[in-house]
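Biologist: I would like to learn how to read the local features of a model such as this one. Could we take them in turn, starting with how strands and helices are connected?

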Amino acid sequence: MKVGISSPIVALAGKRPAWEAEAGTAELVQVARAADRLGYEFMTCGDHVAVPPGLPRGERFYDPLATFSFLAGQTSRLRFLPYVLVLPFYHPLEIAKRYGTLDHLSGGRLILGFGVGNLKEEFDLLGAPFEDRGPRADDALKALRAALSGRVVSYKGPYFEFQDMVVDPHAVQPKVPMWIGGHSERALRRAVTLGDGWAPAPQSFRGPTPELMREMLDRHNLPDDFNVLFTPGERLDPMADPSRAADIITTAEQAGATHINLTVRHTSLAHYLEQLEAFAQTATLDIAP
């Protein structure tokens, strides 16, 4: 079981401790370096450009590309997961070039998380079509698979078409992992047929329970090496209750997950870093010397 962190600071959804609202670059670097040292697989960052005031999911959203590009220079093995990029906001070649450059600069540490989006106000603001966002996203995923890891790329589909275009630099991974977000059956079908993994929303955002995740996965013939991201339905306290942290790993495995997106209880930056270390020991992550 691989474990990543649901990054603090970069988004303020839900009830967040006061220190996160006041934190900035220095604190984020400390988190990334600790996760890197402790053997965590990835850190996350959401994707919103501009949102209406008072949005229940919060108003702060760091830009994932800028954030991850900066943090790549502060770490050596930690991977970077935009959770999730709103695919219809972009032309596939934009993602292939920009995030492919991140993969190039970081030495192949990118995992791409994609969703079709649901905030119509943001679509309207950006001039992105909303009603056909599903089939448009499907075509974009096919175009991305053709474009992400090559220098001269071509694709022809119902929404996107390009012929012998040069993308240089580009991703260094021969096959950049593409995980599909969303909690619906349609999202899982999209992940199985067009992606390399399923990264449903957390339970707090209508994501599946462990039992439902297992039921949904069992209805599909999953490809080899298919990844599934599980976000616990609670903030863990591995310092005070390490047995519960261990139970969550078992729950994730039984649900069919390959990765955990970890959230922990914390009251300060120092407490957060201590919780990361405690969970790393519980999960026997590969702590670097």
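**Reading strands, helices and backbone angles**

Modeller: This is a predicted model, and a good place to begin is the unit formed by strand β9, helix α8 (residues 210-218) and strand β10, which is a right-handed β-α-β unit. From β10 the chain goes on through helix α9 (residues 242-255) to β11, and this β-α-β crossover is right-handed.

Biologist: In which sense do β9 and β10 run, and how many bridges join them?

Modeller: Strand β9 (residues 197-199) and β10 run parallel and are joined by two bridges, with W198 standing opposite V228 of β10. On β10 there is also a pairing with strand β11 (residues 259-262), again in the parallel sense and over two bridges; here the bridge partner of F230 is I260 in β11.

Biologist: Are the residues on the two faces of β10 buried or exposed?

Modeller: To read this, one takes each side of the strand separately and asks whether its residues fall under 20% relative accessible area, the cut-off for buried. In β10 (residues 227-230), N227 and L229 on one side are buried, as are V228 and F230 on the other, so that both faces are covered.

Biologist: Turning to helices, what is the reach of α2 from its first C-alpha to its last, and which of its residues are buried?

Modeller: Helix α2 (residues 25-38) has 14 residues and reaches 20 Å, close to the 20 Å expected at 1.5 Å a residue. Its buried residues are L28, V29, V31, A32, A34, A35, D36 and L38, and these pack against β1 (2-5), β2 (42-45), α3 (64-72) and α10 (269-282). After α2 comes G39, with a positive phi near 95 degrees.

Biologist: Since α10 is among the elements packed against the buried residues of α2, what covers the buried residues of α10 itself?

Modeller: The cover includes β1, α1 (18-22), α2, α9 and β11, and the residues of α10 that are buried are L269, H271, Y272, L273, Q275, L276, A278, F279 and A280. Helix α10 has 14 residues and spans 20 Å from first to last C-alpha, close to the 20 Å expected at 1.5 Å a residue. The helix is followed by T284, whose phi is positive, near 50 degrees.

Biologist: Which general pattern should I keep in mind for phi and for peptide bonds?

Modeller: Most residues other than glycine have a negative phi, and most peptide bonds are trans. Against that background, D164 has a positive phi near 50 degrees although it is a residue other than glycine, and D164 lies in strand β7. R206, likewise a residue other than glycine, has a positive phi near 75 degrees and lies in the loop between β9 and α8.

Biologist: Why does R206 count as exposed?

Modeller: R206 counts as exposed because its relative accessibility is 62%, and the cut-off for exposed is over 50%.

Biologist: Where are the cis peptide bonds that you would point out, and what are their omega values?

Modeller: One cis peptide bond joins Y83 and V84, with omega about -5 degrees, and V84 is found in the loop between β3 (79-82) and β4 (85-86). Another cis bond joins D168 and P169, with omega about 5 degrees; P169 is found in the loop between β7 (161-166) and β8 (178-181).

Conventions. Residues are numbered from 1 along each chain as its sequence is written. This is a predicted model: local features need pLDDT of at least 70, side-chain atom pairs count only at pLDDT 80 or more; totals for chains, interfaces and linings use all residues. Side-chain values use heavy atoms; hydrogens and water are left out. Buried means under 20% relative accessible area, exposed over 50%, partly exposed in between (1.4 Å probe, protein chains only). Helices (H or I, at least four residues) and strands (E, at least two) are DSSP runs, numbered from the N terminus. Two strands pair if DSSP finds at least two bridges between them. A crossover is right-handed if, with the strands pointing away from the viewer, the path from the first strand over the helix to the second runs clockwise. The expected span of a helix is 1.5 Å times one less than its number of residues. Contact means heavy atoms within 4.5 Å.
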